[in-house]
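Subject: Structure for you to look at

Hello,

Here is the structure I promised to hand over. Please open it first, then read my notes below it.

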Amino acid sequence: TFDRVRQSGGLIRRMQRRGKKTPNHLDSINDVVISHDERRLASGSSDFTVRVWDPTDGDLINTFRGHKEAVMGVSFAHNSLYVVSCAADNDVFVWDLTRSLLVHKLHGHDDCVNRVKFGHGSHSLVTASSDMTLRSWFLTPKTPAAPPPPRVYQVRKYSVMSSWEAPPAFNEDITAFFLESRIGEDGKWGRRIT
């Protein structure tokens with residue numbers, strides 16, 4: 001059959017809503033991807049939706065809504081259980097296909113997110129944006145490295161000038177740090193605290 005398809009121009013199946021002759025999306029389709037197991041197809045559109053299709057019969061399986069602007073890119077997790085979408089609203093959404101739920105909202109870009117790809121283990125993502133940055137995201141919480149101690153630049157009788165930098169976090173939405181200030185006697189950072 002694939003030899004006949006190649007000879008006739010290549011159309012195998014047209015995706016459509018079950019039993020309807022309405023358009024697949026209500027606006028332009030910006031990206032399309034097939035799952036690794038080839039059992040599902042996902043499309044992202046300027047109608048703000050992600051649609052999941054059955055490529056064998058062309059039926060619409062699910063429509064995911066949540067983006068506030070055009071969906072620019074879609075990608076399947078390697079295990080084919082999740083689809084991720086990125087959009088002109090600067091957000092990245094991870095959708096659970098088995099439960100039909102939005103499971104992660106990732107914020108961090110300052111402009112349209114144009115592309116998104118899952119890592120091979122389905123636990124990380126990479127995004128590319130019009131803000132001229134690439135970002136990597138871990139979907140499972142990981143304990144960040146301990147922060148370095150503050151650097152003390154200047155010690156005076158009643159003040160200390162120091163600086164502190166947070167270590168690179170795996171995901172800004174799930175990582176928190178606590179910085180404790182102490183006042184020590186003798187003008188040093190010691191054990192005797194008042």
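Phe93 is buried, because its relative accessibility is 3% and the cut-off for buried is under 20%. Please keep in mind that this is a predicted model.

Phe93 has an aromatic partner. Phe93 and Trp95 form an edge-to-face pair. The ring centres are 5.8 Å apart. The angle between the planes is 75°, and over 60 degrees counts as edge-to-face. Trp95 is buried as well, with a relative accessibility of 3%.

How many aromatic pairs does a search of the whole structure find? The search finds two. Besides the pair just described, there is Phe64 with Trp95. Here the ring centres lie 4.8 Å apart and the planes meet at 25°. Planes under 30 degrees apart count as stacked, so this pair is stacked. Phe64 is in strand β4, residues 60-65. Trp95 is in strand β7, residues 92-96. The pair therefore ties together parts that are 31 residues apart in sequence. Both Phe64 and Trp95 are buried.

Put the ring pairs together and you get a cluster: Phe64, Phe93 and Trp95.

Next, the backbone. Most residues other than glycine have a negative phi. Two residues to look up here are Glu38 and Ser80. Glu38 is not a glycine, yet its phi is positive, at about 60°. Ser80 is not a glycine either, and its phi is also positive, at about 60°.

Where do they sit? Glu38 is in the loop between β1 (29-34) and β2 (41-45). Ser80 is in the loop between β5 (71-76) and β6 (82-87).

Is Glu38 buried or exposed? Glu38 is exposed, because its relative accessibility is 57% and the cut-off for exposed is over 50%. Ser80 is buried, with a relative accessible area of 10%.

One last residue: Phe138. Phe138 belongs to strand β11, residues 134-138. Its relative accessible area is 24%. That value falls between the two cut-offs, so Phe138 counts as partly exposed. In sequence, Phe138 and Gly119 are 19 residues apart. In space, their C-alpha atoms are 9.5 Å apart.

If you want a place to start, go to Trp95: it pairs with Phe64 and with Phe93.

Best wishes

Methods
Residues numbered from 1 in each chain as written. Predicted model: local features only at pLDDT ≥ 70, side-chain atom pairs only at ≥ 80, totals over all residues. Heavy atoms only, no water. Helix = DSSP H or I, 4+ residues; strand = E, 2+ residues; numbered from the N terminus. Buried < 20%, exposed > 50% of the residue type's maximum accessible area, 1.4 Å probe, protein only. Phe/Tyr/Trp six-rings, centres within 6.5 Å; stacked < 30°, edge-to-face > 60°.
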